[in-house]
Amino acid sequence: MICEWMCCALFLANLVTEPPPVALQPLVGMPEAKRGLRSDKGGSDAVPHPLVATPDAKRRLSTCEGGKAAEKKRRITDFFVKNAGEGKSSAGMYSAKLATLAESAIQKLETGNAPFRQLRLDDNGSFLSYYPSLIETEPVFPEEKLNSLMEQLLLEPGGPNTVIPWSQGRLKVYGKEHMERRFTCFFADATDKVYSYSGRKDLKVNSWTDRQVCPPILKDLRNYISALCGCQFDTALLNFYRDGEDCIGWHADDEAIYGGKSDAKSIVGVSFGAEREFQIRPKPSKRNPPQPISKSRDKLSITLRSGSVIVMGGAMQQHWQHSVPQRKRVSSPRVSVTFRKVSSFADTTLP
């Protein structure tokens, strides 16, 4: 059993590293007044659904090649390990370059139903990987643990049963101060530091070992993702979107804490709750506007499923931006847990 797990971790180390060459190559404001959670039926209490509650969660994964649905749980190692000389994984997925994909293939990627391995975004080493459901994989992260963690994460911020110490910050955007359209929480090992981003400098760092604020299952998930990806993630930024009005605008996670604009690290995100669109586009410069990704579109928009895993890898934070746009039709909450590896904290420490 130990040998099998070590092999899985070794095989999946390429998940967060630059893919081998193959033939295919401001946050906006919101009123400070709290808005309660709304259910899909308009009620006042949104009830978290288990990861297995919908047909989509139970459905076996299909490939972008249009192949038959898998008849058994797919091994992550089979999916992410490329067959030598073929330029594709044993799950039938190619490590293709985004610009070479046909429109029909891009549309299949955007549904969030189809896994893809190291989709090459440019010639700078930027790539994107996506897997629709952890409960469809082997080695498996226990389904009951994922459901338990989701129930804890989706509790309303500030509610009587909430464990996670959510906070809503104020940001300066184009010289004006706004409340964030999401709640956040940050976990790390160094709890005497302050984490800052986009002008926000008051986000407290919480300890992984503090059971009063950190559910043990969250730490278990971190260890699981770290083992699968072959990278010891030491921090996590949690984001709580109460409904479709909560969002985050175009940005790149290229802060100095993660290596800055020249050496930003890979980020792995796990989604819980409502399905939301995740968009990416080439990073604009002061001289040039965002460049189109193909002849027909200027961005890629992927529907992230509950329980899905997405990897922003290689040099993506240096050359690409991502966002979660507003979608008013979404009436239930979503939480994203984004695992990261810190290069170094700023010199700022808590008083």
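Phe240 is buried in this predicted model, with a relative accessible area of 0%. Its ring partner, Trp166, is buried as well, at 12%. The centres of the two rings lie 5.4 Å apart and their planes meet at 70°, so the pair is edge-to-face. Because Trp166 belongs to the loop between helix 5 (143-153) and strand 5 (170-173), while Phe240 sits in strand 10 (residues 235-241), the pair ties together parts that are 74 residues apart in sequence. Across the whole structure, four aromatic pairs are found. Another tryptophan, Trp208, has the charged end of Arg222 over its ring, 4.5 Å from the ring centre.

Helix 5 itself offers a helpful next stop. Its buried residues include Leu146, Asn147, Leu149, Met150 and Leu153. Seen down the helix axis, the buried residues fall within an arc of 165°, so they line one face of helix 5. They pack against helix 6 (216-229), strand 10, strand 12 (267-273) and strand 17 (334-340).

These elements meet again in the largest nonpolar core, which has 37 residues. Helix 5, strand 7 (183-188), helix 6, strand 10, strand 12, strand 15 (309-314) and strand 17 each supply at least two of its residues, and the largest share, seven residues, comes from helix 6. Among the residues with the most contacts inside this core are Phe187, Leu221, Phe272 and Val337. Leaving aside neighbours within four places in sequence, Val337 is in contact with residues including Leu153, Leu218, Leu238 and Phe272. Apart from this core lies another, of 19 residues, among them Ile106, Ile267, Leu300 and Trp320.

Key:
Residues are numbered from 1 along each chain as its sequence is written. This is a predicted model: local features need pLDDT of at least 70, side-chain atom pairs count only at pLDDT 80 or more; totals for chains, interfaces and linings use all residues. Side-chain values use heavy atoms; hydrogens and water are left out. Rings of Phe, Tyr and Trp (its six-membered ring) pair if their centres lie within 6.5 Å; planes under 30 degrees apart count as stacked, over 60 as edge-to-face and the rest as tilted. Helices (H or I, at least four residues) and strands (E, at least two) are DSSP runs, numbered from the N terminus. Buried means under 20% relative accessible area, exposed over 50%, partly exposed in between (1.4 Å probe, protein chains only). A charge sits over a ring if NZ of Lys or CZ of Arg is within 6 Å of the ring centre and within 35 degrees of the ring normal. The arc is that of the directions from the helix axis to the C-beta atoms. Contact means heavy atoms within 4.5 Å. A nonpolar core is a set of buried Ala, Val, Leu, Ile, Met, Phe, Trp, Tyr and Cys residues joined through side-chain atoms within 4.5 Å.
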